[in-house]
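Biologist: Hello! I am new to this protein and would like a close look at one place where two helices come together. Could you then lead me from there into the rest of the fold?

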Amino acid sequence: KTKLTGKHLLTLLDFTPTEVAQLLEEAKALKAALKKGEPHTLLAGKSLGMIFENASTRTRVSFEVGMTQLGGHALFLSSRDLQIGRGEPVKDTANVLSRYVDAIMIRTNSHKKVVEFAKHSSVPVINALTDAFHPCQALADALTIMEHKGTLAGKKLVYIGDGNNVAHSLLAVGAKTGMDVTVASPKGYEVDQAIFAKAQEAAMQTGAKLVSTNDPEAAVADADVLYTDVWASMGYEQEQTSRAEALAPYQVNHKLAKGAKDDYLFLHCLPAHRGEEVTADVIDGSHSAIYDQAENRLHVQKAILAALIR
Ligand code: CP
Ligand code: NVA
């Protein structure tokens, strides 16, 4: 086992394929322990600071409950109430919080801010969603696919829609696990080229095939997993109208899904907008595993916390 103690989790691209596999195995073990009612208070007496600059349902609750189940404690720190929201420097906030807590989780629009925070933090910093990445989500997605499809290597995930933070992290987890990932987005909404290039380089280690395309119909061929996300991410709400227009042909509906494998799995990180990026028949239909996926945030994050803190 590789020791991950003290490491930051800003993007999965910073982790080796072995480390990613290890986190997924640990998540599986912790999930099994919880279901069997076995105690697993690996973080007794430890504290997690959770800084939120944006709204959250799943991330907040799963991290907070996860810390409780591990025997530790989590503090919900809204930037509205922290001095950082009134202009206290990131450097000072990071240094000070590091003296109190054992790890810090941050949700903010700015990936740069999380990188800066990590630079000044003496305890592990976990990215709980930035404009660039959502690593905890992608790990939960990987666990869900493993549970439903048996393996990741050689499977094909097709993400349809905005080339956003979630799309970037799916490329990263594919690259690290050997799962093929195709992202189909309209012109102007493709994944970030620099991030795609980094994922592509990482994929050489595992043989994962990564593709970025503008053609959703061609993309879905042979898909084991169909995935989509909101058209206007947090911070882009004012672009709702133009995005809805550009992304309409990229809606995941029955017609598009027919191009995937017969037993395709549908995933969405949530929150979802039925009738926009996905139709109700697909997201609420028999292929959908969205609630398993949301549950797995809990198990995966417990594995992350246990690995980085201990
Ligand atoms: N998927 C996800 O991160 O959900 P929340 O925004 O509710 O945390
Ligand atoms: N892409 C979405 C994910 C929300 C969990 C956003 O950034 O708002």
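Which residues in α2 meet which residues in α12?

Modeller: Happy to help. Please keep in mind that this is a predicted model, in which local features need pLDDT of at least 70, side-chain atom pairs count only at pLDDT 80 or more, and totals for chains, interfaces and linings use all residues. Residues are numbered from 1 along each chain as its sequence is written, while chains are lettered from A and ligands numbered from 1 in the order in which they are written.

From α2, the residues are Arg58, Thr59, Ser62, Phe63, Val65, Gly66, Met67 and Gln69, and they meet Ala294, Arg297, Leu298, Gln301, Lys302 and Leu305 in α12. Contact here asks that C-beta atoms, placed from the backbone, lie within 7 Å. Sorted by class, the residues of this contact are six nonpolar, five polar and three charged (nonpolar are Ala, Val, Leu, Ile, Met, Phe, Trp, Tyr, Cys and Pro; charged are Asp, Glu, Lys and Arg; the others, Gly among them, are polar). The names α and β follow DSSP runs numbered from the N terminus, with helices (H or I) of at least four residues and strands (E) of at least two.

How do the two helices lie? Helix α2 covers residues 58-69 and α12 covers residues 290-309; their axes are 9 Å apart and make an angle of about 50°. That angle makes α2 oblique to α12 (under 35 degrees is roughly parallel, over 145 roughly antiparallel, 65 to 115 roughly perpendicular, and the rest oblique). Axes are lines fitted to C-alpha atoms, for helices over the stretch in contact, with angles from 0 to 180 degrees between N-to-C directions. The crossing of α2 and α12 is right-handed, meaning that the near helix is turned clockwise from the far one by less than a right angle; anticlockwise would be left-handed.

A second helix pair makes a good companion. Helix α6 (residues 165-177) packs against helix α7 (residues 193-203) at about 15°, with the axes 8 Å apart. The pair is therefore roughly parallel, and its crossing is left-handed. His168, Leu171, Ala172, Ala175 and Lys176 of α6 make the contact with Ile195, Phe196, Ala199, Ala202 and Ala203 of α7. By class, this contact has eight nonpolar residues, one polar and one charged.

Now to the sheets. One open sheet has four strands in the order β2-β1-β3-β4, with parallel pairing. β2 (73-78) and β4 stand at its edges, each with a single partner strand, so one side of each has no neighbour in the sheet. From one strand to the next, the twist averages 20°. Strand β1 (residues 47-52) is joined to β2 by six bridges, and Leu48 stands opposite Ala74 in β2. Strands count as paired if DSSP finds at least two bridges between them.

Another open sheet has five strands, ordered β7-β6-β5-β8-β9, again with parallel pairing. Its edge strands, β7 (210-213) and β9, each pair on one side only. β5 (residues 156-160) and β6 (residues 180-184) share five bridges, with Val158 opposite Thr182. Helix α6, met above, packs on this sheet too, touching β5, β6, β7 and β8, and its direction makes about 160° with that of β6. β8 and β9 pair over four bridges, and Tyr227 has Leu267 in β9 as its bridge partner.

β9 is covered on both faces: Leu265 and Leu267 on one side and Phe266 and His268 on the other are all buried (20 or more other C-beta atoms within 10 Å is buried, 12 or fewer exposed, in between partly exposed, with C-beta atoms placed from the backbone). Ile283 in helix α11 touches Phe266 and His268, among others, and is itself buried, with 20 C-beta neighbours inside 10 Å.

Finally, some backbone details. Most residues other than glycine have a negative phi, and most peptide bonds are trans. The bond from Leu270 to Pro271 is cis, with omega near 5°, and Pro271 lies in the loop between β9 and α11. Leu129 has a positive phi, near 120°; it sits in the loop between β4 and α5 and is buried, with 28 other C-beta atoms within 10 Å. Asp222 has a positive phi as well, near 65°, in the loop between α8 and β8, and counts as partly exposed, with 14 C-beta neighbours inside 10 Å.

Conventions:
Two residues are in contact if their C-beta atoms, placed from the backbone, lie within 7 Å. Lists of a residue's contacts leave out its neighbours within four places in sequence.
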